[in-house]
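Please work through the exercises below with the sequence and the model open side by side, and try each task before reading its solution.

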Amino acid sequence: MEMITVQQAEDIILSQANDFGREYIAYDHALGRILDEDLIADRDLPAFDRPTVDGIAIRYNAYEKGIRSFSIKAVQSAGEPSVPIDSETECIEIMTGAALDASLDTIIRYEDLSINNGIASITIDIKKGQNIHLKGRDKKEGEVLVKAHQVITPAIIGIAASIGKTTIAVKKYPKIIIISTGDEMVSPESIPSPYQLRRSNGVTIQSVLKNFHIETDTLHLNDDYEAIKKELSRCIHEYDVLLMSGGVSMGKFDYLPQVCEELGVEKLFHKIKQRPGKPFWFGKNQHNKLVFAFPGNPVSVFMCLHRYFIPWLEKSLEISGNSSQFAVLQNDIEVPFSLQYFVQVKLGTNQLGQLTAESVHTNGSGDFSHLADTNAFMELPLEKDSFKKGEVYKIWKYND
């Protein structure tokens, strides 16, 4: 099977999107999760006519008859039962958000009144129905307040609380394990020998998934064929998705493709016409367990994760509204190889409000030092090898 294009790889991966079901959680633990039901108004919003200012409530037809002074019958606060007037020469002193009685239809602010000895006198021209937030004006009972399939924000949690929705249906996450490989990789706590590297890929992937509020397990495997086979067999049984780094190139100890196929994971592709991340391997077994096996270079892992895995995750979770973004290139780039190039860029905004992208020169896919001070990969089309300032291309954001 030969190298495939970036678009073909995306199509294959997205065709494996999967619904992992739903679960119900307490609303105050739902921040960042994906809403899996519409939130419905359990009554009219607002539930009653209410003043939008502090002042007095009158019946407007008294004003029309020329009455300008009203005796204050009662003071009514928010949360108290509404108080009616018995005669149109009366008014109620009323606070913002209180329930307005049907005998009253207009509110005058304290600033537009004078009050002496229990008599309120109006000093300005007024309109009927002013300063009132009418019952059901925002939403009617049974109307959808929040549509499903979006990330739950603090505002959505507030709406859930306002309708008494203390338990919310959210999308269930896939069960994910992150696996790094290689004898040369040691733990971040240890001091590497001159020929070793500290492991960072697993921690990086784990941190990206924490942005989605997904907790993952991690595992490191050394280059021992039987040990790899045994552990992968267990992981394929226990997890929905394996995110792996290393062990997929052409080296003598790059066992993963062979082990996966022996364990019944069908290869859907191996190698994409792209840089970084060319040796990416992707497969699934008969139970739709997925293996994303990224190359070991940190930049390749980072790029493949954002370009392929996160779109797969968003499609699986039915997150709406996450469409592609584009930016205006700020400098010329020559690409001296026939692969689709993902260049690290620093994003900005120009005076027209357009997103701009300035490319950062790196020393290849092993040079991950620039990932901290850039924001995105810009995807440069395969058909061209020369890219000019002012041209617009697709970007894949990270470090949001």
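The exercises that follow concern a predicted model, and each is solved step by step.

**Exercise 1. Determine how helix 4 and helix 7 are oriented towards each other, and which residues bring them together.**

Solution. Begin with the axes: those of helix 4 (residues 201–210) and helix 7 (residues 298–316) come within 10 Å and cross at roughly 30 degrees. Angles under 35 degrees count as roughly parallel, and helix 4 and helix 7 are therefore roughly parallel to each other. Next take the handedness, which is right-handed where helix 4 passes helix 7. Finally, list the residues in contact: helix 4 contributes Asn201, Thr204, Ile205, Val208 and Leu209, while helix 7 contributes Pro298, Val301, Phe302, Leu305, His306, Phe309 and Ile310. Sorted by class, this contact of helix 4 with helix 7 holds nine nonpolar residues, three polar residues and no charged ones.

**Exercise 2. Describe the open sheet with the order 16-13-17-21-20-18, and place helix 4 and helix 7 on it.**

Solution. This open sheet has six strands, and its pairing is mixed. At its edges are strand 16 (217–221) and strand 18 (266–270), each of which pairs on one side only. Between neighbouring strands the average turn is 20 degrees, direction ignored. Inside the sheet, strand 13 (residues 176–181) and strand 17 (residues 241–245) pair in the parallel sense over five bridges, and Ile178 has Leu243 of strand 17 as its bridge partner. Now add the helices: helix 4 packs on the sheet and touches strand 13, strand 16, strand 17 and strand 21 (290–294), its direction making about 160 degrees with that of strand 13. Helix 7 lies across strand 13, strand 17 and strand 21, and runs at about 160 degrees to strand 21.

**Exercise 3. Explain why strand 7 and strand 8 each have one side without a neighbour in their sheet.**

Solution. Start from the strand order of this open sheet, 7-4-6-5-9-8, in which six strands pair in a mixed way. Strand 7 (106–109) and strand 8 (113–116) stand at the edges with a single partner strand each, so one side of each has no neighbour in the sheet. For strand 8, four bridges join it to strand 9 (residues 119–122), and the two run antiparallel; Ser114 has Ser121 in strand 9 as its bridge partner.

**Exercise 4. Decide whether Gln130 is buried or exposed, and find its contacts.**

Solution. Locate Gln130 in the loop between strand 9 and strand 10 (132–133). Its relative accessibility is 18%, and because buried means under 20%, Gln130 counts as buried. Leaving aside neighbours within four places in sequence, Gln130 is in contact with Thr106, Ile107 and Ile108.

Note on methods:
Residues numbered from 1 in each chain as written. Predicted model: local features only at pLDDT ≥ 70, side-chain atom pairs only at ≥ 80, totals over all residues. Heavy atoms only, no water. Axes fitted to C-alpha atoms, helices over the stretch in contact; angles between N-to-C directions. Parallel < 35°, antiparallel > 145°, perpendicular 65-115°, else oblique. Left-handed = near helix turned anticlockwise from the far one by under 90°. Contact = heavy atoms within 4.5 Å. Nonpolar A, V, L, I, M, F, W, Y, C, P; charged D, E, K, R; others polar. Pairing = 2+ DSSP bridges. Buried < 20%, exposed > 50% of the residue type's maximum accessible area, 1.4 Å probe, protein only.
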